[in-house]
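Here are my notes for you, as someone coming to this one fresh. Have it open beside you and work through the points in order.

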Amino acid sequence: ALIDMILPYTASLNLELQSRACEFKQVLENNHIKVNLFERMPIPNKKVNESNTEESSSGQSTTLLVQQSNTVTTTSQPSLVHEPLINFNDTSPNTSAAENPVDVITKIFGATSLAVPTPPVTPTPLISDQPSVYPTFIAFQNESITVQFECIKQPNTPHLTLIHATFLNGLLQPLEQFVFQVAVPKYLKMQLLPASSSVIPPMFTGKVTQSLRFANSMHGQKPVVIKIKVEWNVGGQHVAYSHTVDNFPPGV
């Protein structure tokens with residue numbers, strides 16, 4: 001049980017605590033060292049020498065020497081008998097099983113060298129991995145339709161841009177067979193994804209969304225400029241509009 005309490009501190013971040021825990025673990029696991037280490041220490045023979053030969057006669061000094069020797073023997077003997085730190089022959093129940101391991105280690109090593117292991121701290125990244133979302137702006141608008149763009153860029157790929165386009169209908173009738181087309185210059189490569197619907201509900205009661213991606217091979221040198229075309233059928237008539245979008249937010 002004591003080894004189980006010491007074992008977690010063999011990997012402690014506190015060097016002193018780790019060293020002491022490893023030493024105690026080696027002692028407790030080696031029976032040969034354990035028996036020899038905790039043997040009772042023999043009582044040493046202590047000699048008392050007379051330090052001042054000028055204070056009294058030789059007879060008095062001899063008597064004093066005998067008295068001092070008896071005093072030292074009787075008073076020093078109990079203090080030189082050391083009980084073993086751990087009695088490995090004791091089979092009595094362990095009453096300290098529920099004791100806090102931190103308290104046990106504190107008693108062994110002392111409070112000044114105790115350090116409870118702490119989990120490693122995850123470093124905060126210097127560059128955020130969150131995408132940059134630019135404010136929504138109106139790319140095209142007339143009495144019939146409103147086209148809104150929302151641009152999103154990833155921090156590790158600034159030359160790539162994702163655009164979420166939203167189409168709103170301000171007429172009393174729905175815009176049917178709706179089609180959205182995009183043309184780009186040579187330094188842009190574009191991918192147009194399918195629209196959510198081909199019918200835009202009337203009077204701003206609903207919307208149609210469509211996304212497009214493009215890569216700017218001259219990012220930072222040439223601005224993003226695209227040409228869009230929207231067309232639909234309304235009241236049995238075909239309507240089409242073209243427009244150049246050059247009001248993208250800075251940085252796109």
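1. Start with R20, which forms a salt bridge with E16, their closest N and O atoms being 2.5 Å apart. A salt bridge here is a side-chain nitrogen of Lys or Arg within 4 Å of a carboxyl oxygen of Asp or Glu. Both R20 and E16 lie in helix α2 (residues 15-29), four residues apart, about one turn of the helix. Helices (H or I, at least four residues) and strands (E, at least two) are DSSP runs, numbered from the N terminus.

2. Before going on, a word on the ground rules. This is a predicted model, with local features needing pLDDT of at least 70 and side-chain atom pairs counting only at pLDDT 80 or more, while totals for chains, interfaces and linings use all residues. Residues are numbered from 1 along each chain as its sequence is written, and side-chain values use heavy atoms, with hydrogens and water left out.

3. What else does R20 form a salt bridge with? With E23, the closest N and O atoms being 2.6 Å apart. E23 and R20 are three residues apart in helix α2, so about one helical turn separates them. E16, R20 and E23 are thus linked in a network of salt bridges, and the count by this rule comes to two.

4. How covered are these three? Buried means under 20% relative accessible area, exposed over 50%, and partly exposed in between (1.4 Å probe, protein chains only). R20, with a relative accessible area of 24%, is partly exposed. E16 is partly exposed too, at 41%, and E23 counts as partly exposed at 40%.

5. Now a charged residue without such a partner. E231, found in strand β8 (residues 226-234), is buried yet has no salt bridge. The nearest side chain of opposite charge, K229, is 4.3 Å away; for this purpose Lys and Arg count as positive and Asp and Glu as negative, with His and the chain ends not counted.

6. Which side chain does the side chain of E231 make a polar contact with? The side chain of H238, at 3.0 Å. A polar contact is a pair of N or O atoms within 3.5 Å; within protein, one must be able to donate a hydrogen and the other to accept it, and residues adjacent in sequence count only if both atoms are side-chain atoms. Leaving aside neighbours within four places in sequence, E231 is in contact (heavy atoms within 4.5 Å) with Q177, F178, V179, Q181, H238, V239 and A240.

7. Q177, from that list, deserves a second look. Q177 sits in strand β5 (residues 176-183) and has a positive phi of about 50 degrees although it is not a glycine. Its relative accessible area is 54%, so Q177 is exposed. M203, also not a glycine, has a positive phi near 55 degrees. M203 is in the loop between β6 (188-192) and β7 (207-216) and is partly exposed, at 42%.

8. On to the rings. A search of the whole structure finds eight aromatic pairs. Rings of Phe, Tyr and Trp (its six-membered ring) pair if their centres lie within 6.5 Å; planes under 30 degrees apart count as stacked, over 60 as edge-to-face and the rest as tilted. F137 and F248 form an edge-to-face pair, 5.5 Å centre to centre with 70 degrees between the planes. This pair links distant parts of the chain, 111 residues apart: F137 in strand β2 (residues 137-141) and F248 in the segment after β9 (237-245). F137 and F248 are both buried.

9. Another pair involves F140 and Y241: the ring centres are 6.0 Å apart and the planes at 45 degrees, so the pair is tilted. F140 in strand β2 and Y241 in strand β9 are 101 residues apart, so to speak of distant parts of the chain being linked fits here as well. F140 counts as buried at 12% relative accessibility, whereas Y241 is partly exposed at 29%. As for clusters, F137, F149, F214 and F248 form one aromatic cluster.

10. Last, the overall layout. The chain has five helices and nine strands, running α-α-α-α-α-β-β-β-β-β-β-β-β-β from the N terminus on. Of its 252 residues, 25% count as buried. Among contacts between residues at least 6 apart in sequence, 59% join residues at least 24 apart.
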